[in-house]
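Student: Can you walk me through this one? I'd like to go topic by topic.

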Amino acid sequence: MSDQRGTSESSAGDRWRDEFAGSVLRRVPFETMSGIPLEPVYGPADGERPGVYPYTRGPYASMYRSKLWTMRMFAGFGTATDSNRRFRDIIDAGGDGLSTAFDMPTLLGLDSDHPLARGEVGRCGVAIDSINDMHDLYEGIDLGSITTSMTINAPAAPIFAMFIAQAEEKGIPRARLGGTLQNDILKEYQAQKEFVFPPRHAMRLVRDTISFATSEMPRWHSVSISGYHIREAGSTAVEELAFTLANGFAYVELARRAGLPVDAFAGRLSFFFNSHIDFFEEIAKFRAARRLWATIMRDRYGATQERSLQMRFHTQTAGVSLTAQQPEVNIVRTAIEALAGVLGGTQSLHTNSMDEALALPTEKSARIAIRTQQVIAHETNVAHVADPLGGSYFVESLTDEMEVRAREIFDEIDRLGDGSMLEGCIRGIEENWFQSRIADSAYELEKKFNKGDRVVVGVNRYTEGNQDSDLETLRITSEDERRQRERLGEVRRQRDTAVVSEALDSLRSDATNPEVNVMPALLRAAHARATLGEMMHTLTDVFGRHVEVSSI
Amino acid sequence: MTIRVLVAKVGLDGHDRGVKVVARLLRDAGCEVIYTGLFQTPESVAAAALDEDVDVVGLSMHSGAHLTLAPLVVEELRRRECSAPVVVGGIIPAGDVDDLKQAGVAVVLGPGASADEVVAAVTGCAAS
């Protein structure tokens with residue numbers, strides 16, 4: 001395989017043909033319901049093709065003809081045992097990837113028995129305090145074959161260490177582990193707000209995890225650069241696109257500063273976007289994202305390997321588009337948003353459940369959500385042809401427009417950072433630039449809803465029937481919190497405290513030296529049954545804590 | 001008289017889109033709005049309410065911890081002899097509304113509340 005394939009001079013059509021010829025295809029008839037045979041992709045002979053630079057039309061030549069997107073459902077609540085049961089339900093229902101939601105204390109690196117964790121344990125994700133919980137969480141799930149994604153950021157490095165350590169204790173070598181660590185701390189300060197350390201120290205941990213995964217875990221995606229939360233926090237689609245890619249470039253600069261050649265790690269970066277209700281704008285966003293990533297990675301950062309230039313991304317339908325009123329209608333919204341993700345060429349997809357404006361999903365509503373993906377995948381035939389909207393005057397023009405507007409925002413961030421995206425992203429956070437822009441956009445949209453300029457069915461129009469719903473929602477009780485504290489107490493009693501303190505001491509000394517990678521010390525601490533809170537506390541002793549200066 | 005409102009994020013929940021939108025809605029409706037910022041405790045919210053001498057305290061909650069934390073905020077306020085009514089908004093299932101009201105919460109605004117309802121709830125509370 002030529003390293004220079006992405007930039008060579010032969011025609012896109014020829015390169016696509018070669019690439020496609022080498023693809024293994026799914027065994028289904030690629031034809032319409034009336035039997036009309038379908039080409040894998042359509043377009044003029046000299047036009048763009050999927051799997052060929054700049055990848056506007058998709059990262060792979062054969063796209064869903066080879067492999068459908070991964071139906072990766074995000075789940076987690078209560079104790080690790082409760083969540084393990086839901087994971088198995090998802091796999092039984094045909095899900096082929098897992099995505100772990102952690103509870104608030106875990107997201108902030110607090111143990112379940114911490115005073116600030118009261119009332120929050122297991123409520124909106126699973127509580128993980130030690131490697132023992134990690135064992136229970138993935139019990140009976142073949143981590144060598146099912147890939148797993150972990151939505152964790154501030155404590156990403158210690159959670160990653162616990163994950164690797166539990167797999168190793170089960171006899172699975174780290175090199176075989178496939179999956180994704182979200183580990184995108186920049187968007188936490190910008191949007192999701194689950195941060196712990198000051199940004200520059202937090203970025204050192206990101207650097208350490210990228211370096212570690214690059215040298216030891218060839219199947220692992222060390223950062224999932226996430227626009228999802230930026231959008232949920234209120235940004236526009238253009239801002240989601242631009243901020244997310246800017247963050248991506250910041251991680252690239254970070255890893256390059258650490259001495260890694262761009263092509264050594266860029267292929268293991270992945271992305272995570274929101275798919276909102278404005279159907280064509282979302283599709284244009286996905287297409288523009290791929291093109292922007294490829295061109296800027298090549299021209300600005302000197303990437304040459306195909307994998308470094310091909311953007312691969314996960315998509316989740318928009319949580320904020322769900323309504324509490326007439327929640328069953330959310331199934332329709334989610335189906336439309338999921339379809340936009342698929343027509344936009346996503347590599348994996350989570351579909352929200354209809355009850356998520358009210359609570360975490362029930363088993364039934366989560367099953368309907370995955371069935372929605374299966375209808376799109378197997379009944380509609382939309383997966384037969386790559387980038388089916390490519391060439392539409394409207395979609396092409398909107399794609400170009402999204403690209404232009406995103407580049408304008410890149411220029412602003414570049415200026416904030418005096419020519420560095422990394423500095424621009426960090427200073428933008430420190431100066432509240434991202435946060436204010438997102439809040440402004442959220443308020444502008446809210447005003448449109450209030451004035452009725454944007455219609456939301458069941459909210460500001462067509463409200464008959466709003467009182468009829470008798471949907472049952474999932475309830476997490478304080479009983480789960482009590483059980484989790486008991487489990488944690490048991491871990492504390494049964495471990496060798498001398499080994500734990502020794503491991504934490506070496507973590508502290510490694511953290512103090514910015515030249516040292518903390519991952520080996522974190523792995524030792526995980527094996528020793530140090531708790532997440534203990535590891536994070538050790539790191540905050542060295543790094544300090546971030547306090548947001550918030551404004552309205 | 002201008003109504004003074006403290007809007008607060010209590011607990012570990014970082015979802016601040018709602019609280020910021022509500023803060024601006026209230027400000028545009030003529031209220032003086034003070035925002036605590038993230039990760040407050042019931043104690044720090046009560047202390048801020050007293051310091052700022054507010055007429056209403058609004059809590060924005062999206063992490064499911066409302067049944068634990070909202071009653072504690074009411075308790076801390078009353079312990080400091082602050083009688084400001086407490087309004088809770090966010091992802092609050094209908095089944096939890098009675099429990100919150102029994103714990104002394106004045107108004108509960110669920111996930112479907114409109115901007116007008118939010119403003120009416122706060123101004124209504126302040127008047128009574």
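Tutor: We'll take the scores, the sheet, the core and then the interface.

Student: What are the ground rules, and what are ipTM and pTM?

Tutor: This is a predicted model; local features need pLDDT of at least 70, side-chain atom pairs count only at pLDDT 80 or more, and totals for chains, interfaces and linings use all residues. Residues are numbered from 1 along each chain as its sequence is written, while chains are lettered from A and ligands numbered from 1 in the order in which they are written. The model has ipTM 0.94 and pTM 0.95.

Student: What's the mean pLDDT of chain B?

Tutor: 95, with 100% of chain B residues at 70 or more. pLDDT is the predictor's confidence in each residue, from 0 to 100.

Student: How are the strands of chain B ordered?

Tutor: E2-E1-E3-E4-E5, five strands in an open, parallel sheet. Strands are DSSP runs of at least two residues (E), helices of at least four (H or I), numbered from the N terminus. Two strands pair if DSSP finds at least two bridges between them.

Student: Which are the edge strands?

Tutor: E2 (32-35) and E5 (107-109) of chain B, each pairing on one side only. From one strand to the next, the twist averages 20°.

Student: How many bridges join E1 to E3 in chain B?

Tutor: Four, between E1 (residues 4-8) and E3 (residues 56-61) of chain B. Leu6(B) is opposite Val57(B) in E3(B).

Student: Which helix lies across E1, E2 and E3 of chain B?

Tutor: H2 (residues 42-52) of chain B, at about 160° to E1(B). Axes are lines fitted to C-alpha atoms, for helices over the stretch in contact; angles run from 0 to 180 degrees between N-to-C directions. H5 (residues 115-127) of chain B also packs on the sheet, touching E1, E3, E4 (86-90) and E5 of chain B, at about 170° to E5(B). Contact means C-beta atoms, placed from the backbone, within 7 Å.

Student: New topic. Which members of the largest nonpolar core touch the most others?

Tutor: Leu522(A), Val57(B) and Val73(B), out of 202 residues. Helix H9 (residues 237-257) of chain A gives the largest share, 13 residues. Such a core joins buried Ala, Val, Leu, Ile, Met, Phe, Trp, Tyr and Cys through C-beta atoms within 7 Å; buried means 20 or more other C-beta atoms within 10 Å of a residue's own.

Student: And how many residues are in contact between chains A and B?

Tutor: 31 of chain A with 25 of chain B. On the chain A side, H17(A) gives the most, five residues.

Methods
Buried ≥ 20, exposed ≤ 12 C-beta atoms within 10 Å, placed from the backbone. Contact = placed C-beta atoms within 7 Å.
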